[in-house]
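Here is a friendly walk through a pair of packed helices and two residues from another helix. Have the model open as you read.

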Amino acid sequence: MADNDTGVDAAESQPKQSRAGRNLPAAIVVGVVLSGILVYTLLFASKYWVLLLAVATPIATHEITRRLREVGYDVPFIPLALGGQAMLWLSLPFGARGVLGAFGATVVLAMMWRLVGRGLDHAPVNYLRDTSVTILIAVWVPLCMSFAALLVFRDDGPGRVLCLLFPVVFSDTGGYAVGVLFGKHPMAPAISPKKSWEGFAGSLVFGVAAAVFAVVVFLHRPWWVGLPLGVLLVLTAVFGDLIESQVKRDLGIKDMGRLLPGHGGMMDRLDGLLPSAVVTWIVLAVLP
């Protein structure tokens, strides 16, 4: 139906979107730029890797807390931001012990903060609900992000991080391309209607192939190590996306933010990477 003032179809005035709902040109440009920054940092300036994570973590945390506040949750951002920085930076001198200690301190601080946030003469409302959600965010964003930091603290650390990034990025790309071209059977229509089983198959093929390539080229390990790594990373990346989709569905929103054109917010870009960082750290620590 034409616009009464301009005679131009209203849909034509909107940014072009693909069948998967993205502004594809913007998504490609942003994706290439972000990937370039990450790969360059890992190959030539790996000591700044934790700094990148320390910048991204409070942005993603703020996006979630802001969205929760819009629908009535009282989630304290300050203890989450401080705790997230502590988890990341204490991983430098103390490794996993520093992350665990900082996470425990974050949980304790968040419980205390929510209890006395309005003063001791006022009983907090929905304390159990809001504190539980706050701890969930502490696990979901800074704790999972800390595993991405832990990956880099080895002689082959940059290669380990690339073994996280390559499978997740190629899983997302392969699933998107195959889903757009061939997707007919919805995978989880009640959570994310645009995801299809065909797209999941594309994620599996691209993600496993990228994992095999990454472990051979970057870590010089046997090719078969990439098989379980690739399968697990595809699963965690897909479910990470579905988990965020369900959270957004509960909140009645499309994106967590608008920071990254074509992608949404920082959290919309990190949803698959965060749980995958945990799995990568475990798999590479267990397998020879």
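Which residues in helix 3 meet which residues in helix 4? Ile78, Pro79, Gly83, Ala86, Met87, Leu90, Ser91 and Phe94 in helix 3 are in contact with Ala96, Arg97, Gly98, Val99, Ala102, Phe103, Thr106, Leu109, Ala110 and Trp113 in helix 4, contact meaning heavy atoms within 4.5 Å. The residues of this contact comprise 13 nonpolar, 4 polar and 1 charged, where Ala, Val, Leu, Ile, Met, Phe, Trp, Tyr, Cys and Pro count as nonpolar, Asp, Glu, Lys and Arg as charged, and the others, Gly among them, as polar.

This is a predicted model, in which local features need pLDDT of at least 70, side-chain atom pairs count only at pLDDT 80 or more, and totals for chains, interfaces and linings use all residues. Residues are numbered from 1 along each chain as its sequence is written, and side-chain values use heavy atoms, with hydrogens and water left out.

Helix 3 spans residues 77–94 and helix 4 residues 96–116; their axes come within 7 Å and cross at roughly 165 degrees. The two helices are therefore roughly antiparallel to each other (angles over 145 degrees).

Now to helix 8 (residues 226–251), where Ser245 is found; Val238 lies in helix 8 too. Both entries below count as buried, that is, under 20% relative accessible area with a 1.4 Å probe, protein chains only.

| Residue | Relative accessibility | Contacts beyond four places in sequence |
|---|---|---|
| Ser245 | 12% | Ile191 and Ser192 |
| Val238 | 7% | Met187 and Phe200 |

Val238 and Ser203 are 35 residues apart in sequence, with 8.4 Å between their C-alpha atoms.

Note on methods: Axes fitted to C-alpha atoms, helices over the stretch in contact; angles between N-to-C directions. Parallel < 35°, antiparallel > 145°, perpendicular 65-115°, else oblique. Buried < 20%, exposed > 50% of the residue type's maximum accessible area, 1.4 Å probe, protein only.
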